[in-house]
Amino acid sequence: MPVRPKSVGQCQWRTVGSLLMPTTPPPPESRSAVRALLRLWPYVRPVRVRLFTAAFVAILASCTGLVIPLVLKWMVDGPVADRDPAGVWLGALYLLLLGLAEALLFGFRRWLVARPLSHVEASMRADLYRHLQRLPVAFHDRWPSGQLLSRATTDLMLLRMFLAFPLTFLLVNSVTILVGVIIMLVQDWTLGLVILVPAVPVLITCVLFEKRYSGAARLAQDQVGDLTTVVEEGVLGVRIIKGFGRHRSQALAFRELSGKLRGTELRKARLLATILGVIVTLPELAIGAALVLGTVQVADGSLSAGTLVAFLSTALALRWPVDSIGFLLAMSQEAATATDRYFEVMDAEPESGATAGARASLAGGGPGSTGALAAGSRPATAKGLRFENVSFRYPDAPDGSPPVLHRIDLHIRPGESLALVGTTGSGKTTLTALVPRLHEVTGGRITLDGTDITEMSREELRSRVAVAFEEPTLFSATVGENVLMGGGTGDEDLGRALAVAQADFAHGLPQGTRTQVGEQGHSLSGGQRQRLALARAVVGRPDFLVLDDPLSALDVHTEAAVEAALRRVLADTTALIVAHRPSTVLLADRVALLSGGRITAVGTHHELLHASPEYAHLMSGAPAGEEEDQR
Ligand SMILES: Nc1ncnc2c1ncn2[C@@H]1O[C@H](COP(=O)(O)OP(=O)(O)OP(=O)(O)O)[C@@H](O)[C@H]1O
Ligand SMILES: [Mg+2]
């Protein structure tokens, strides 16, 4: 795998074997947590009424709790001082009712938010998945899958937790603290001021903490993504790892990354411990000081015992709202980071606007933008599949490297099949990927029956062009479902496609075409997978067929049988077939030779054998001494 920088959002990834590591943590000061979290509003909007109601109910519950000290004051100064048992019982009843009301209100709040918030999480996840499907292949080439997976799981969970607790309770606690402090100041303003003394250092600590914690939170969440990537690669590549006895080095890589994550989590815990230490200790000291001062005042007779009891119980009632601020701020920071990470993906330009990306990469040098050419500077040309002056560079290719494809002109007439031949790494797969617009051309244009492919909707384009790639990717579904992904409607189409691809083995599977093929089709042989992929390509009777070396894994007899059947299909299909073997080349009407990023020769197999020494060499099967594997 080439070592190439992966620039993802604010982070740089460097590829080291299977290790993907963020090399630079993001600058925490460049973002504001509040601004990040405000981006959640479109998702929160539909549930705002419930959320605001819940916050209001929580404030009500909290303030109900603050009435308890006032009842205590009334009890101490009234019935207790007067030794009136009936009054004490009445006070106790009030306290019980207030406690009950507080509990019921908090319960009601939970009921209000639980359902809507799981709905928010689900809709954000659905949006992310939909967006991932619409992002161009170039995006997926660049982003490690674990980073995407961790966004869809851990980050969204953090967001739901934020909406459930910190969002409400930062507000509720602030109001509770404010009301509590006012009550205390009204009871006795000198004692109230003593309680307020720690406010300044606590606030400063909170601000400092927020900055540092945000950096650590971002690093931890990125590291979770890296770890997910390693786990995923380890599971998907388990055959290679076992085959080469690499489980130790893989485990080592995993341990290294998880050690780093552990370090970051411990740093987070230390930061949290520091802020909790300050937030808990200073107010406790202030309460202690107020207790001493208050007791002296009661002894002097300048303060009633009931007032001191009310004052202290109010201060104690405020302990939880104050103490929890550390946790709430930490959770909010993590949620802000999660929001950033979520929108880094959501902000990536989806395919419909992908020509913008193609234009950006034109800076490397291509003739005019695709859009300008498409605007009709040339008349609608001949039918069939046509490459006109097509150039292509990968968006992440190093600066100054030559384009993979350079000024390609190629015309495949309607109903014709053209084989594309070239050394390995010459750009054949790249060329075929341009037809269904998996990548955007960086210069020139491609037309289907005279229409520029960038002028068609992707749905239309992809319904007219069917593809089978080198890697026959199958999904965890039944054989039939996998094949019918290519179009077609029922058993008849399925049977025909399986026959063309010589994939009749499917009927002999335990449940026929309803047999599950397992993750990535690993329960099938390589050749079986390839034939199902071929069946998928032909099942929808496409106008245009693009096959990337579709028969490489087949034995000669099966290959001959597939060829015979394909020949019948290809008779009325316009096809571009990447081929390495003469037998596959012979399927096609003509052959084009791709060399050095250009089409250097076009003709029939026999013409090229005579006219092009490079072609003759490629087809001869002689040891390819001068061929350079560029990958
Ligand atoms: N996603 C990518 N990003 C950057 N460069 C790429 C990417 N995919 C392929 N390349 C480069 O483009 C060149 C052409 O690759 P391509 O896969 O098209 O070759 P190919 O002709 O299909 O080879 P093969 O016969 O081995 O399948 C190679 O040098 C390769 O390293
Ligand atoms: Mg290829």
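In the predicted model, Trp74 is partly exposed, with a relative accessibility of 40%, and its ring takes part in one of the eight aromatic pairs counted in the structure. The partner is Tyr94, and the pair is tilted, with the ring centres 6.2 Å apart and an angle of 55 degrees between the planes. Distant parts of the chain are linked by this pair, since Trp74 belongs to helix H3 (residues 48-80) and Tyr94 to helix H4 (residues 85-134), with the two positions 20 residues apart in sequence. Tyr94 is likewise partly exposed, at a relative accessible area of 40%.

A further aromatic pair is formed by Phe108 and Trp111, whose ring centres lie 6.1 Å apart and whose planes meet at 15 degrees, so that the pair is classed as stacked. Both residues lie within helix H4, at a spacing of three residues, or about one turn of the helix. Phe108 is partly exposed, with 38% relative accessibility, whereas Trp111, at 54%, counts as exposed because its value is over 50%. The ring of Trp111 is also covered by a charge, as the charged end of Arg50 sits over it at 5.1 Å from the ring centre. A comparable arrangement involves Arg39, the charged end of which sits over the ring of Phe343, 4.1 Å from its centre. Phe343 in turn belongs to a cluster in which ring pairs link it with Tyr43 and Tyr342.

The magnesium ion (ligand 2) is coordinated by OG1 of Thr429 and by OE of Glu470, at 1.9 to 2.6 Å. Thr429 is placed in helix H16 (residues 428-434), while Glu470 is found in the loop between strand E9 (465-468) and helix H18 (479-484), and the pair therefore ties together parts that are 41 residues apart in sequence. Neither class of full burial nor of full exposure applies to these residues, because Thr429 has a relative accessible area of 32% and is partly exposed, and Glu470, at 34%, is also partly exposed.

Strand E11 (residues 574-578) is largely enclosed by the rest of the structure, since five of its five residues are buried. Both of its faces are covered, with Thr574, Leu576 and Val578 buried on one side and Ala575 and Ile577 buried on the other. Strand E6 (residues 417-421) pairs with E11 in the parallel sense over four bridges, and within this pairing Ser417 has Ala575 as its bridge partner in E11. E10 also runs parallel to E11, to which it is joined by five bridges, and here Val546 stands opposite Leu576. The connection from E10 to E11 includes helix H21 (residues 556-570), and the three elements make a right-handed β-α-β unit.

The loop that separates helix H20 (526-538) from strand E10 (544-548) contains Val539. This residue is buried, with a relative accessible area of 1%, which places Val539 under the 20% limit for burial. Not counting residues up to four places away in sequence, Val539 touches Val483, Leu484, Gly486, Gly487, Gly488, Asp493, Leu494, Arg496 and Ala497. For Ala497, which lies 42 residues from Val539 along the chain, the separation between the C-alpha atoms of the two residues is 4.9 Å.

A separate description applies to the antiparallel pairing found in an open sheet of four strands, which has the order E5-E4-E7-E8. Strand E5 (405-412) and strand E8 (451-452) stand at the edges of this sheet and have a single partner strand each, so that one side of each is left without a neighbour in the sheet. Strand E4 (residues 385-392) pairs with E5 in the antiparallel sense through five bridges, and Arg386 stands opposite His411 in E5.

Taken as a whole, the protein has 24 helices and 13 strands. Of its 631 residues, 48% are buried. Among the contacts in the protein with a separation of 6 or more, 76% are accounted for by residues 24 or more positions apart.

Definitions and conventions. Residues numbered from 1 in each chain as written. Chains lettered and ligands numbered in written order. Predicted model: local features only at pLDDT ≥ 70, side-chain atom pairs only at ≥ 80, totals over all residues. Heavy atoms only, no water. Buried < 20%, exposed > 50% of the residue type's maximum accessible area, 1.4 Å probe, protein only. Contact = heavy atoms within 4.5 Å. Phe/Tyr/Trp six-rings, centres within 6.5 Å; stacked < 30°, edge-to-face > 60°. Lys NZ or Arg CZ within 6 Å of the ring centre and 35° of its normal. Donors = N, O, S within 2.8 Å, 3.2 Å for Na, K, Ca; no water. Pairing = 2+ DSSP bridges. Right-handed = clockwise from strand over helix to strand, strands pointing away.
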